[in-house]
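Subject: Structure handover

Hi there,

Here is the structure I promised to pass on. Please open it alongside this note, and I will walk you through what turned up.

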Amino acid sequence: MARRNGWNRGRRGTLAEPATDSGSTGNTARTSSGVQRIKTRMDGRADRSYRDPGSFSALLSREIRRQGWEENVGVRRLMQDWEHLVGPTIAAHTRPVKFDEKNKFLHVQSDSTPWATQLRLIQATILSKIAQELGPDVVVELKIHNPDYGPRQTGRLRVQGRGKRDDYG
């Protein structure tokens with residue numbers, strides 16, 4: 001059988017199968033002289049149709065790095081995985097509100113004033129956990145806000161009372 005372009009010719013000049021040694025894999029084949037050859041198509045170009053495709057996550061990660069979207073993806077992950085990053089107890093009483101891209105501040109709002117105070121005390125721990133999970137320069141500082149009860153009721157016919165009490169949580 002004659003060999004042409006890495007293929008064996010079968011009877012009547014039809015293509016039978018690729019000319020490879022038994023045990024060789026991938027897009028290269030060893031000839032009898034030990035030289036490694038790349039399989040080619042009939043027109044001489046390298047045949048890459050049999051190549052195993054890469055994983056989708058590897059492709060997506062490469063594209064995110066190439067486009068420079070690492071920080072945006074990290075912030076989105078931070079907003080969605082808040083419970084995973086801070087734990088279920090803290091996540092039940094706090095929530096990330098917004099991210100300031102210019103200063104890299106994460107604004108977090110709490111359910112009550114005591115939780116806001118507690119969050120301020122463990123701010124360094126939360127920032128180190130975020131840096132460990134998402135990267136060192138995604139979030140620089142946490143801005144912790146007390147609960148928001150909406151606009152204050154003021155006006156001429158409004159009786160001044162003691163106001164909203166948030167002492168016991």
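Is Lys143 buried, partly exposed or exposed? With a relative accessible area of 30%, Lys143 is partly exposed, because the class between buried and exposed runs from 20% to 50%. Please keep in mind that this is a predicted model.

Lys143 turns up in two kinds of contact. Its side chain meets that of Glu141 in a salt bridge, at 3.5 Å from N to O, and Glu141 is likewise partly exposed, at a relative accessible area of 30%. Lys143 also lies over the face of Phe105, 4.8 Å from the ring centre. As for ring-to-ring contacts, the structure holds zero aromatic pairs.

Now for the overall layout. The protein chain has six helices and eight strands, and from the N terminus on the elements run β-β-β-β-β-α-α-α-α-β-β-α-α-β. Of the 169 residues in the protein chain, 25% are buried. The chain exposes about 12800 Å², with carbon and sulfur atoms supplying 48% of that area. Among contacts between residues at least 6 apart in sequence, 47% join residues at least 24 apart.

The largest nonpolar core has 20 residues, and Leu78, Trp82, Leu106, Ile130, Val139 and Leu142 touch the most other members. At least two residues of this core come from each of α2, α3, α4, β7, α5, α6 and β8. Helix α6 gives the largest share, four residues. If you would like one residue to start from, try Leu78: leaving aside residues up to four places away in sequence, Leu78 touches Leu85, Leu106, Ile130, Leu134 and Val139.

Back to the charged side chains: the salt bridges number seven. One of them joins Glu133 and Arg77, with 3.3 Å from N to O. This pair links distant parts of the chain, since Glu133 sits in helix α6 and Arg77 in helix α2, 56 residues apart. Both partners are partly exposed, Glu133 at 27% and Arg77 at 32% relative accessible area. Arg77 and Glu133 also belong to a network of salt bridges that includes Asp81 and Lys129.

A more local case is Glu63 with Arg66, where the closest N and O atoms are 2.8 Å apart. Both residues lie in helix α1, three residues apart, about one turn of the helix. Glu63 counts as partly exposed because its relative accessibility is 29%, whereas Arg66, at 61%, counts as exposed.

Happy browsing, and best wishes!

Methods: Residues are numbered from 1 along each chain as its sequence is written. This is a predicted model: local features need pLDDT of at least 70, side-chain atom pairs count only at pLDDT 80 or more; totals for chains, interfaces and linings use all residues. Side-chain values use heavy atoms; hydrogens and water are left out. A nonpolar core is a set of buried Ala, Val, Leu, Ile, Met, Phe, Trp, Tyr and Cys residues joined through side-chain atoms within 4.5 Å. Buried means under 20% relative accessible area, exposed over 50%, partly exposed in between (1.4 Å probe, protein chains only). Contact means heavy atoms within 4.5 Å. Rings of Phe, Tyr and Trp (its six-membered ring) pair if their centres lie within 6.5 Å; planes under 30 degrees apart count as stacked, over 60 as edge-to-face and the rest as tilted. A charge sits over a ring if NZ of Lys or CZ of Arg is within 6 Å of the ring centre and within 35 degrees of the ring normal. Accessible areas come from the Shrake-Rupley method with a 1.4 Å probe; for residues, only the protein chains shown count as cover. A salt bridge is a side-chain nitrogen of Lys or Arg within 4 Å of a carboxyl oxygen of Asp or Glu.
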